[in-house]
Structure formats: C-alpha cells, structure tokens
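The following exercises are to be solved with the sequence and the structure at hand. Each task is followed by a worked solution.

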Amino acid sequence: MFSKEESKQIRQEFWTSFGKSFPKKWLLYNTKIKGLTFKFHFDTKQAYVAMDVEGDLETRIKIWDKILPLKHILQTQYLENAVYNDTHILDNGKEISRVFVTLEEKVSIHNKKTWQTVMFFFNKVMPKFELFFEDYKDLIRP
C-alpha cells in the first residue's frame with residue numbers, strides 16, 4: 001500500500017510522463033459547448049476515456065438528445081466499444097451522462113508496468129473521440 005502522499009506523487013508522475021510521451025493539445029474542456037467535456041481517467045483499478053455531459057438537467061438533456069442518435073455512427077465508424085450511460089453518478093454524488101471506452105486489461109496507476117499500455121490506449125481512443133466530435137459538433141451543439 002502507498003501513503004496518500006506517495007499515491008499522489010505516483011499519479012503526478014504518470015500524468016507528467018504521459019504528457020511528455022504524447023505531447024499533444026487534447027480537446028478535453030475546450031469543446032466550446034457548455035457542459036460537454038472529454039476526460040482521461042486512470043486509477044488503481046481501471047483506465048477509460050470519456051465524453052461527459054454535465055450541467056443542470058435541462059442542459060444535459062438537450063446535449064444528450066443530440067448525442068444519442070449518433071450512437072450507431074460512433075460505434076460503427078469510430079469506437080465500437082463505446083458505452084452510453086445516460087445516468088452516471090460521480091464519486092461526489094453529481095449526476096452526469098457519459099459515453100466512455102474502458103481499457104479491458106487489468107491496470108493500476110500504482111503499477112508502472114501498466115503505464116505504457118494505458119498511455120497507448122489513451123493515445124488511440126481520445127483522437128477517435130475528438131474526430132467524432134469534430135465531425136458532428138454542429139449536430140451536437142444545443
């Protein structure tokens with residue numbers, strides 16, 4: 001087990017290493033659609049890339065109702081393993097909607113032997129999410 005401080009340092013080391021290994025300006029929060037963001041996630045149990053729809057219920061519904069009809073396109077032309085979850089509860093209790101792709105392999109941010117696998121996964125999946133978004137952002141925009 002790692003102390004809280006050691007765990008924090010390991011996480012920072014991973015993200016610094018990822019940024020140096022794949023120096024790209026990711027879209028993430030710069031979608032220009034309020035409430036729509038992209039996220040990388042890596043913890044002690046899993047890694048995934050997500051497109052999150054946040055905000056008040058009305059905003060979420062407006063955006064989600066634009067993303068949902070594009071499900072077949074996303075899954076057939078970009079990311080076949082994309083999972084749609086219209087109600088996802090974050091650890092802080094906040095409710096969002098999420099489309100995500102999970103790395104199927106067992107990984108842990110505390111195990112440096114799995115870092116390269118996660119970095120390649122992130123670098124493979126996020127550009128596909130971004131390309132999908134660029135191709136369909138005019139349809140997604142509320």
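**Strand pairing and helix crossing**

In this predicted model, tyrosine 48 stands opposite threonine 102 in β4.

**Exercise 1.** Determine which strands pair with β2, and in which sense.

*Solution.* Begin with β4, residues 95–102: six bridges join this strand to β2, and the two run antiparallel. Turn next to β1, residues 36–42, which pairs with β2 in the antiparallel sense over seven bridges. Within this second pairing, leucine 36 stands opposite valine 53 of β2. Finally, trace the chain from β1 to β2: a hairpin of four residues joins them.

**Exercise 2.** Establish why β2 is described as largely enclosed.

*Solution.* Sort the residues by the direction in which they point. Ala47, Val49, Met51 and Val53 point one way, whereas Tyr48, Ala50 and Asp52 point the other way, and all are buried. Burial here requires under 20% relative accessible area. Since seven of the seven residues of β2 (residues 47–53) are buried, the strand is largely enclosed by the rest of the structure.

**Exercise 3.** Describe how helix α3 crosses helix α4.

*Solution.* First, consider the axes of α3 (residues 71–78) and α4 (residues 115–140): they come within 11 Å and cross at roughly 135°. This angle makes α3 oblique to α4. The crossing is right-handed. Next, identify the contact: α3 contributes Ile73, Leu74, Gln77 and Tyr78, while α4 contributes Lys128, Phe129, Leu131, Phe132, Asp135 and Tyr136. Lastly, classify these residues: the contact comprises seven nonpolar, one polar and two charged residues.

Notes:
Residues numbered from 1 in each chain as written. Predicted model: local features only at pLDDT ≥ 70, side-chain atom pairs only at ≥ 80, totals over all residues. Heavy atoms only, no water. Axes fitted to C-alpha atoms, helices over the stretch in contact; angles between N-to-C directions. Parallel < 35°, antiparallel > 145°, perpendicular 65-115°, else oblique. Left-handed = near helix turned anticlockwise from the far one by under 90°. Contact = heavy atoms within 4.5 Å. Nonpolar A, V, L, I, M, F, W, Y, C, P; charged D, E, K, R; others polar. Buried < 20%, exposed > 50% of the residue type's maximum accessible area, 1.4 Å probe, protein only. Pairing = 2+ DSSP bridges.
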